[in-house]
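Welcome, and please open your viewer. We will take a short walk through a structure, one selection at a time.

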Amino acid sequence: MKAVVFDFDGVIHDTFDFHLKNVRQVFGEHIPEQDFRDIHNGSFFQNPMNALRNADWEAYRKHVHRNMSNLVMPESTRNFLLDLTKRYELFIISSGSTAIITDYLNNNRIYSAFTEILGLDGHGSKVEKFERVFRDHDLRADLCVFVTDTLGDIMEAREVGVRTIAIDTGYHDRDTLLKGSPHHIISRLEELHQVLESPDR
Ligand SMILES: [Mg+2]
């Protein structure tokens, strides 16, 4: 294993309550919590079940930029990631804004832990982003794992042959994640060490 690729929302930072609150502010108070969870069942911007896929996300990103980049990363997450850099290259593949994630990482003094952040800007699906990581960093699918909290992400990683480790404390619960048959399910990032070092990983 050479590289650990992280999803951002729900993995690096638990942003569910933050986004639900802001999505309601920008797009309407009527949006049910479960609907906001369910739109992450497929590739976010290509999922026809996602009623918000054609919403004005640029306006949304402007609305949340400052507050989201000022979220404070838990010290335990920060220490865990710094420790992980000793053994693996770290990436972020996200459907969120690269600029906001970059500002968040800088504000939390951990930007340099990551080799590259591939957010929304200029790329389409996570499938395309994985292919770009393979090409630009001389990696192969079997040398990477993807850590994510949503069913849609598990399915996209499968398309490119990357093994997934799902974390069940983010947007989707364990039952939803199991529908994608991830290779492992964990409940704390710290459990990654054990999973990455196990022989059947
Ligand atoms: Mg996520």
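Where is the place of phenylalanine 16? Select it and you will find phenylalanine 16 in helix 1.

Before we go on, two notes. This is a predicted model, in which local features need pLDDT of at least 70 and side-chain atom pairs count only at pLDDT 80 or more, while totals for chains, interfaces and linings use all residues. Residues are numbered from 1 along each chain as its sequence is written, and side-chain values use heavy atoms, with hydrogens and water left out.

**Stop 1: phenylalanine 16**

Phenylalanine 16 counts as buried because its relative accessibility is 4%; buried means under 20% relative accessible area, exposed over 50%, and partly exposed in between, with a 1.4 Å probe and protein chains only. Now show its surroundings. Leaving aside neighbours within four places in sequence, phenylalanine 16 is in contact with Glu33, Phe36, Arg37 and Tyr171, where contact means heavy atoms within 4.5 Å. Add glycine 170 to the selection: it is 154 residues from phenylalanine 16 in sequence, yet their C-alpha atoms are 7.2 Å apart in space.

**Stop 2: helix 1**

Next, colour residues 16–27, which form helix 1. Helices (H or I, at least four residues) and strands (E, at least two) are DSSP runs, numbered from the N terminus. At 1.5 Å a residue, the 12 residues of helix 1 should span 16 Å, and the end C-alpha atoms are 16 Å apart, which agrees; the expected span is 1.5 Å times one less than the number of residues.

Which residues of helix 1 are buried? They are Phe16, Phe18, His19, Leu20, Asn22 and Val23. These buried residues pack against helix 2 (33–38) and helix 3 (57–69). Step just past the end of the helix to glycine 28, whose phi is positive, near 130 degrees.

**Stop 3: helix 3 and its partners**

Keep helix 1 on screen and add helix 3. The two pack at an angle of about 135 degrees, with their axes 10 Å apart. Axes are lines fitted to C-alpha atoms, for helices over the stretch in contact, and angles run from 0 to 180 degrees between N-to-C directions. That angle makes helix 1 oblique to helix 3; angles under 35 degrees count as roughly parallel, over 145 as roughly antiparallel, 65 to 115 as roughly perpendicular, and the rest as oblique. Helix 1 passes helix 3 in a right-handed crossing, a term used if the near helix is turned clockwise from the far one by less than a right angle, with anticlockwise being left-handed. Show side chains here: among those meeting are Phe18, His19 and Asn22 in helix 1 and Trp57, Tyr60 and His63 in helix 3.

Now bring in helix 5 (98–107). Helix 3 and helix 5 pack at about 15 degrees, with axes 9 Å apart, and are therefore roughly parallel to each other. Their crossing is right-handed. Arg61, Val64, His65, Met68 and Ser69 in helix 3 meet Ala99, Ile100, Asp103, Tyr104 and Asn107 in helix 5.

**Stop 4: the magnesium ion**

Which residues coordinate the magnesium ion? Select Asp7 (OD), Asp9 (O) and Asp149 (OD), which do so at 2.0 to 2.2 Å. Donors are N, O and S atoms within 2.8 Å of the metal (3.2 Å for Na, K and Ca); water is not among the atoms, so sites may look incomplete. Aspartate 7 lies in the loop between strand 1 (3–6) and helix 1, and aspartate 149 in the loop between strand 4 (144–148) and helix 7 (151–159), so the pair ties together parts that are 142 residues apart in sequence. Both aspartate 7 and aspartate 149 are buried.

**Stop 5: two loops**

Jump to arginine 109, in the loop between helix 5 and strand 3 (114–118). Is arginine 109 buried or exposed? It counts as exposed, because its relative accessibility is 58%. Its phi is near 55 degrees, a positive value in a residue other than glycine.

Finish at serine 181, in the loop between helix 8 (174–178) and strand 6 (184–186). Serine 181 counts as partly exposed at 48% relative accessibility, and its phi is positive, near 45 degrees.
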